[in-house]
Structure formats: C-alpha cells, structure tokens
Amino acid sequence: MAYNETLVKRWNAGIFLGKEKKIREYSVKIHNDNYSHLNKEQSRILNALREDGYCVTHVDKLLNSEERVHFESILKLYEKMSASPEVLQRIRSINLQGTGGASEKPTEINIQQHFLGRKPILEDGLAQLYLTDSVLNILNSFYGQALKAYQFNAFVHPQIPHYLHRNNSQRWHKDPEDMHVLKVFMYANDVDKNNGAFEYVRKTQTGGAQGHLQEYRTRNRYPADGWVESHVSPDDIKTLTGKKGTIIFADTSGFHRGGYVKEGIRHMCQGVFLRPNTFHYSAHEPSKHNINNDEKKYDLSPLAEYAISHKFCED
C-alpha cells in the first residue's frame, strides 16, 4: 500500500495543519460532550490496551442487556451466511484444495465478497455491536477524541489442508493505517489454538515497550518466518482462545496474526476504528463500509452517529 510520505512524516510528528486541525478539535469536542465514566471492566480494557496492546473480555462482561441483542443479531447473520450455497461451496474448496478461488486471501470467506455481494449496511445487523457506547467509550478514551469506523466485516475461516503454510494475515504483521489501529474482534463460535485463534505479541504496539521491533509502516509487511520468535520472549506471544462471545480489543500497530485453521472452522467479525484526522482519511481514502444512518431509522448515540457519518467537522 502506497502512502504520501509527507503526510506520514507529519502524523509521526503529531503535526496537524489546516482542516486536519479542525477535524481533530471537533472530534475531541464530540468525545468530551458525550463521554461516560468508564466502569471497572471498561477501565481494565483501556489500561491493558495501552500497556500490552490488547485485552480480552466477553459480551456478558462488557455489554448491558440492551446491547447484547446486537450479539444475537450477529449470530443470526452467521447462521444465514453459513447456509449460503456460495459460502458452503467455498468452504469445501478451501478444505480440499486450500483455496476458494481468485481472492486476495484465498483461504478466507468474508461477508462482503462472498455473501452480501456489497458493503454491509446497518440493516444487516453486523455493525451495531461495535457502535454501542460500551465499546466506543473505550476506543475514544484511548485517543481522547471520537473515532471513525473504518471497516466492519465478518469472516469464516475453514480448515485448510495440512501441507499449506501460513499466508497473508496468518503471518505476523503490523497494520499501517494509523499510529494506533484499534480493532475489536468477536468470536461467533468457540475458538481454540487449532481453529485459528488470534495471536498477539504483547507490548509491540506503537509506543509499547517492544514497539521498536520493526517500524509499524515497514515496507516489508510480513517478516521472515521465525523473525518475531527470535526477537521476543515466548511468554510475550499470546494465543487468545475463547468461547463464543469473546471480544478482543487490539492495537494492531503491534505484531498479530490469526485465521490459520488446522481443525474445524472459525467465525470471527471485526470493527476497525481510526482517528478522523489520520493520514488515511486526509489522503482521501474512503471508509471500507457503506453504513450510515442518514434516514434516521435507528436511534444511535451521538458517538455512534459520528463514527459512521460522512461529517468530520463543522463547516
């Protein structure tokens, strides 16, 4: 992925000019005006995210009873997706041949490309869990400003033939979209070390104690096999298994990987959040979702409205 080098240098230095400054100030105001005091679980997640680069929780611990209905909506969405003839055919192909056909990630099935045939919208029931104030207050508190939703997606990762090596995001890598890339993953089935558990190397995020290990915008996104293991303690490599409903907050500017399924299948969805003034947005790269509430069909909080709206600041 190519970047404007001048923009990158400006953001590394924390320099905000012109409209970017207005966007940042407006997003800070949105956060401050709608901030809710974090409860004990939210505070634990935020502190761990800052210190270690990740934190694991569960829908039953984080979400209130009203918000948990969004978890049920995601499970229903997976039921429909798993029954789709195209998805079933791709699963069989990946099981037998290690590829589902022409795709950027041939061992992966995603809701946009292989089920909906379009970007998700609010009616699909995927995004609302990520737009709850229980989630957004943690993410926004990390930066001290209201963030923008960059992507919502749901994945199916089937078992692959034993002879296949890791490829693409199954290998260690750091995400380059911002200084800190905040992702929220949720397991929609039980996930263990054999069916693609998300893995993270603690403290390798930008600013972490081991964040110096390879620059987060490295031109060689995937280090050579064994490079990460040779530079960190085995105790710092965390395999994040969990029951259905497990939620993982991760700053993916740190080393991470997942989706390498040796047995069974993995159902996992994600929401990705960036600063509205990040160089990605300022370079006019569009969000990877088509979600909005322009017709006001849904009663969303101001934080959720800002996260998905096309408005970045006051005119």
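The largest cavity in this predicted model is lined by K105, T107, E108, H157, N167, N168, S169 and Q170. About 50 Å³ of space lies inside the largest cavity. The lining contains no nonpolar residues, six polar ones and two charged ones. A search of the whole structure returns one cavity of 30 Å³ or more.

**Strands β3, β4 and β9**

Strand β9 covers residues 265-274 and is mostly covered, with nine of its 10 residues buried. Strand β3 pairs with β9 in the antiparallel sense, over 10 bridges. Strand β4 also pairs with β9, again antiparallel, and here the number of bridges is six. One residue of β9 can be followed to both neighbours: V272 is the bridge partner of Q151, and V272 is also the bridge partner of K183.

The loop between β3 (148-158) and β4 (182-187) holds M179. Is M179 buried or exposed? M179 has a relative accessibility of 18%, and the cut-off for buried is under 20%, so M179 counts as buried. In sequence M179 and R275 are 96 residues apart, while in space their C-alpha atoms are 9.4 Å apart.

**The sheet of β6, β5 and β8**

Three strands make up an open sheet, in the order β6-β5-β8, with antiparallel pairing. Strands β6 (237-240) and β8 (256-257) stand at the edges; each has a single partner strand, and therefore one side of each is left without a neighbour in the sheet. Strand β5, residues 198-201, is joined to β8 by two bridges, and the two strands run antiparallel. Across this pairing, Y200 of the sheet stands opposite H256 in β8.

**Helix α8**

Helix α8 spans residues 133-143 and is mostly covered: 10 of its 11 residues are buried. The buried residues of α8 are S134, V135, L136, N137, I138, L139, N140, S141, F142 and Y143. After α8 comes G144, which has a positive phi, near 75°.

**Salt bridges**

The structure holds 15 salt bridges. Three of them are set out here, each with the distance between the closest N and O atoms or from N to O.

| Acidic residue | Basic residue | N to O distance |
|---|---|---|
| D33 | K29 | 2.7 Å |
| D60 | R68 | 3.9 Å |
| D124 | R118 | 2.8 Å |

Where do D33 and K29 lie? Both are in helix α2 (residues 19-34), four residues apart, which is about one turn of the helix. K29 has a relative accessible area of 47% and is partly exposed.

In the pair formed by D60 and R68, the side chains meet at 3.9 Å, N to O. D60 has a relative accessible area of 52%. Exposed means over 50%, so D60 counts as exposed. R68, at 31% relative accessibility, is partly exposed.

The salt bridge between D124 and R118 brings their closest N and O atoms to 2.8 Å apart. On the acidic side, D124 counts as buried, at 15% relative accessibility. Its partner R118 is partly exposed, with a relative accessible area of 34%. Elsewhere, E51, D52, R202, K203 and D236 are joined into one network by salt bridges that share partners.

**Cysteines and disulfides**

How many disulfides does a search of the whole structure find? The search finds zero. A disulfide is a covalent bond between the sulfur atoms of two cysteines. Two cysteines can be described by their burial. C55 is buried, with a relative accessible area of 4%. C313 also counts as buried, and its relative accessibility is 7%. Both values fall under the 20% cut-off for buried.

Definitions and conventions: Residues numbered from 1 in each chain as written. Predicted model: local features only at pLDDT ≥ 70, side-chain atom pairs only at ≥ 80, totals over all residues. Heavy atoms only, no water. Disulfide = S-S within 2.5 Å. Buried < 20%, exposed > 50% of the residue type's maximum accessible area, 1.4 Å probe, protein only. Pairing = 2+ DSSP bridges. 1 Å grid on protein atoms, 1.4 Å probe; cavity = no way out; pocket = protein on both sides within 12 Å on 5 of 7 lines; lining within 4 Å. Points joined across faces, edges and corners; volume = space filled by probe spheres on them. Nonpolar A, V, L, I, M, F, W, Y, C, P; charged D, E, K, R; others polar. Salt bridge = Lys/Arg side-chain N within 4 Å of Asp/Glu carboxyl O.
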